[in-house]
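Please work through the exercises below with the structure open beside you, trying each task before reading its solution.

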Amino acid sequence: MTERGYLAARRNDDGGFGPVAGASSEAEATALVALAFDDAPARAWIMANQREDGSLGLKVGSVFRDVTPLGALALPPGPERERALDTLTGVVGRNGSDPAVAAFGWPWTKGAHGWTEPTAWGLLALRLLRPTAADRIDDALAVFRERECVRGGWNYGSRVTLGVELRPYVQTTALALLALGDAESDLSDRATTELERSWFGESEGLLSLATATCALRARGSREADAAASALRRSPHRDTGDTVTLAWVAFATDDSGPWSRP
């Protein structure tokens, strides 16, 4: 069965998708399905659930988990997308008062520290949909320069903590590579080399394997076919995790928002 087939029975009555079967619809899962399958009901859910300020995400208590850049990528051209991009350009990570910290990126929730994954999504959305936002794009690129791990690639945040060098992770490195595109060739080359030597070590994690496959293929890497083959052989392709299934679809169909002309 294909990923589309696995997900078909998981659609909620409102047209959206939860993170797992039976869960309430959420913006991240629904946006990824919209992107992976050009899914009109999922896209309609995103449009219907966009907040007044243009943001998209999940509010739990007082915390809002912001996935506005992913929502912007899933939205069709029009005022809803532009409102999401307007909001995106105004959200900045709060990275402390250290004068050595020159870049801020995007946080998972407003008022928090900037992290690798939301910064990658923010960069990708602006690079593809609002390339005139040069100051925010430059800030995102500065984040990746500043946070690059010692041997290349990225983890969730810092490269060194308490004097200890932190290792890069496959999933975060892959997403950063997809967001960077043709920018920062030195960073991308080092990250690609790191991903080529590390993807197999995390290949039992289906999400890591799928994101690695996407990034290696986008970079024209010699390891792309091996990663894709490992993905096809994975015994976990029927996972109930909506986000992972969407990424598997990107990897197997050679698609994704980063593939837009």
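**Exercise 1.** Find where D38 lies, and decide whether D38 is buried or exposed.

*Solution.* Begin with the position along the chain: D38 belongs to the loop that joins α2 and α3, the latter covering residues 40–48. Keep in mind that the model is a predicted one. Next take the accessibility, where the relative accessible area of D38 is 58%; since exposed means over 50%, D38 is therefore exposed. Finally look at the backbone, where the phi of D38 is near 50°, a positive value in a residue that is not glycine. A second aspartate can be added here, for D254 also has a positive phi, of about 55°, although it is not a glycine, and D254 is located in the segment after α12, the helix of residues 242–253.

**Exercise 2.** Determine how helix α10 and helix α11 are oriented to each other, and which residues make their contact.

*Solution.* As a general starting point, a pair of packed helices is described by the angle between the axes and the distance between them. Helix α10 spans residues 206–218 and helix α11 spans residues 224–233, and they pack at an angle of about 150° with their axes 9 Å apart. Angles over 145 degrees count as roughly antiparallel, so α10 and α11 are roughly antiparallel to each other. The crossing in which α10 passes α11 is left-handed. On the side of α10 the contact involves L206, L209, A210, T213, L216 and R217, and these meet A224, A227, A228, A230 and L231 of α11. Sorted by class, the contact of α10 with α11 comprises nine nonpolar residues, one polar and one charged.

**Exercise 3.** Work out the orientation of α10 and α12, and describe the classes of residues in their contact.

*Solution.* The axes of α10 and α12 come within 8 Å and cross at roughly 30°. Because angles under 35 degrees count as roughly parallel, α10 is roughly parallel to α12. The crossing of α10 and α12 is left-handed. From α10 the residues in contact are L206, L207, A210, T211, T213, C214 and R217, while α12 contributes T244, W247, V248, F250 and A251. By class, this contact of α10 with α12 contains eight nonpolar, three polar and one charged residues.

**Exercise 4.** State whether T213 is buried or exposed, and list what T213 touches beyond its neighbours in sequence.

*Solution.* T213 is part of helix α10. With a relative accessible area of 0%, T213 is buried. If residues up to four places away in sequence are not counted, T213 touches A227, A228, L231 and A251. Of these, A227, A228 and L231 are in the contact set of α11, and A251 is in the contact set of α12.

**Exercise 5.** Describe the packing of helix α8 and helix α9, and then follow the contacts of T173 and A191.

*Solution.* Helix α8 covers residues 170–180 and helix α9 covers residues 185–198; their axes come within 10 Å and cross at roughly 145°. The crossing of α8 and α9 is left-handed. The contact is formed by V170, T173, A174, L177 and L180 of α8 together with S188, A191, T192, L195 and S198 of α9. By class there are six nonpolar and four polar residues in the contact of α8 with α9, and no charged ones.

Turning to single residues, T173 lies in helix α8 and, at 1% relative accessibility, counts as buried. Apart from neighbours within four places in sequence, T173 contacts G153, W154, P168, A191 and L195. A191 lies in helix α9 and is buried, with a relative accessible area of 0%. Under the exclusion of residues up to four places away, A191 touches G153, W154, T173 and L177.

**Exercise 6.** Identify which residues touch the most other members of the largest nonpolar core, and examine L32.

*Solution.* The largest nonpolar core has 73 residues, and those that touch the most other members are L32, W121, L123, F144, L195, W247 and F250. Its largest share, nine residues, comes from helix α2, which spans residues 27–37. Not counting residues up to four places away in sequence, L32 touches L70, W121, V243, A246, W247 and F250. In soluble globular proteins, nonpolar side chains tend to be buried together.

Methods:
Residues are numbered from 1 along each chain as its sequence is written. This is a predicted model: local features need pLDDT of at least 70, side-chain atom pairs count only at pLDDT 80 or more; totals for chains, interfaces and linings use all residues. Side-chain values use heavy atoms; hydrogens and water are left out. Axes are lines fitted to C-alpha atoms, for helices over the stretch in contact, and angles run from 0 to 180 degrees between N-to-C directions. Helices (H or I, at least four residues) and strands (E, at least two) are DSSP runs, numbered from the N terminus. Angles under 35 degrees count as roughly parallel, over 145 as roughly antiparallel, 65 to 115 as roughly perpendicular and the rest as oblique. A crossing is left-handed if the near helix is turned anticlockwise from the far one by less than a right angle, and right-handed if clockwise. Contact means heavy atoms within 4.5 Å. Ala, Val, Leu, Ile, Met, Phe, Trp, Tyr, Cys and Pro count as nonpolar, Asp, Glu, Lys and Arg as charged, and the others, Gly among them, as polar. A nonpolar core is a set of buried Ala, Val, Leu, Ile, Met, Phe, Trp, Tyr and Cys residues joined through side-chain atoms within 4.5 Å. Buried means under 20% relative accessible area, exposed over 50%, partly exposed in between (1.4 Å probe, protein chains only).
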